[in-house]
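Q: I am new to this structure and would like a close look at a single part of it. Please go through that part step by step.

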Amino acid sequence: AIYAWPYELFEVPDLRARSFLALLLACAGDVSLVGGIFPAPLVYLLRDLEARAEELSRCFRDGALPAWLTLPEDRKRHFRIGKRLDLAARLERAARAPIEEKVLHALPGLRLVYCWISATASIYLPELTRRLGPRVAVRDAIYSACEGWCSIPIGDPEPGGALAVTSHFFEFIEEKHLASQKPATRFGWELEDGKRYSIVMTTGAGLCRYRIGDIVEVCGWHARTPRIRFVRKEAAASNLAGEKLDESHVNRAVGAALRTTGLDATFFTLTPRLGGARPGYELLVEPAHGEVPAQLAALVDAGLGEASFDYGRLRGGGQLAPVVVRALAPGTYDKVRQGKVQDGSAEAQLKTAHLTSDPNALPPLLR
């Protein structure tokens, strides 16, 4: 198994180099499982496989790393690949194969990818599954926080896992009561299927009734234990004129628009657009390739109206301006990722916020 990324790939800070080396290790190691947290880095890895399969083939044919890849001496010993003509031929076939079959040739032993598949992560699932092909299963990872482990994945294709009732003591606040001064709490056995709650933890480490700021949804039961899935952070919401948008509305609307147009997005976020005659929202989007379709703004605007009754009501009454789209130049978000990694962030932990309520909170490159 190779985790994305294994010990930050031996502390190689450059994302281009790290991705290339991870592919080398994966192809040489007969990988059967790829485990991650957020699926975006796995999508980026498979995009790099598409772009670099021929170069990877040359490395195994020549038994040497490419000249552009400079590593400190103490790192080079981890990546001595040697000549592997069988792998070179396999990667040549991958380079010629259609997108849906590249993994079949480059990583023939791969059978399982383990990562988050709900909430914000779900946007990346269509491209991930398309690139992996039908032989590779994708299963939901654990839902946990720094404060504690919250669910136990069952292994089903549906998102969510059983509440980790033996790990901590859990209480829940129903989503519609979050604004109350003293909201009532419910215990795990009192939860209702399909409803959303803020999760409150009491742990053996000393936290007492600690509200971690996550919204979860009950999605059925495992025996008598509720299954939960992460939906959004409590702060992932915006309310310019009473529309009460949250990140789940944005994921639903933009996800549907991307599927309709066939656009693969490297990055997107919806953010308030202020200063005009009416407030509204701007969708920042970086296409993985090609141009942003002209109808994307209208599709997203209509989708937000379907996902949120109040957004549709206010748009129909003219209190909100229609969504506008601003396309980001190719490579913009890659520079943001690289900057965060160089500042010490773990790439596998980089999560994309699809609703940014304060435009000033965006990294400077995205403003």
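Which exposed residues does the face of α10 turned away from its buried side carry?

A: The model is a predicted one. On the face of α10 turned away from its buried side, the exposed residues are Phe309 and Gly316. The buried residues in α10 are Asp310, Tyr311 and Leu314. Around the helix axis these three cover an arc of only 100°, and therefore they sit on the same side of α10. As general background, an α-helix has 3.6 residues a turn, so residues three or four places apart point the same way. The cover over the buried residues of α10 includes β15 (245–246), β17 (280–287) and α9.

The packing of α10 with α9 can be described further. Helix α9 spans residues 296–307 and helix α10 spans residues 309–316. Their axes are 5 Å apart and meet at an angle of about 125°. Angles that are neither under 35 degrees, nor over 145, nor from 65 to 115 count as oblique, so α9 and α10 are oblique to each other. On the α9 side, the contact is made by Asp301, Leu304, Gly305 and Ala307. On the α10 side, Phe309, Tyr311, Gly312 and Arg315 take part. By type, the residues of this contact are four nonpolar, two polar and two charged. Tyr311 thus appears twice in this account, as a buried residue of α10 and as part of the contact with α9. Phe309, an exposed residue, also belongs to that contact.

Just after α10 comes Gly318, which takes a positive phi of about 85°.

Definitions and conventions
Residues numbered from 1 in each chain as written. Predicted model: local features only at pLDDT ≥ 70, side-chain atom pairs only at ≥ 80, totals over all residues. Heavy atoms only, no water. Axes fitted to C-alpha atoms, helices over the stretch in contact; angles between N-to-C directions. Helix = DSSP H or I, 4+ residues; strand = E, 2+ residues; numbered from the N terminus. Contact = heavy atoms within 4.5 Å. Nonpolar A, V, L, I, M, F, W, Y, C, P; charged D, E, K, R; others polar. Buried < 20%, exposed > 50% of the residue type's maximum accessible area, 1.4 Å probe, protein only. Arc of directions from axis to C-beta.
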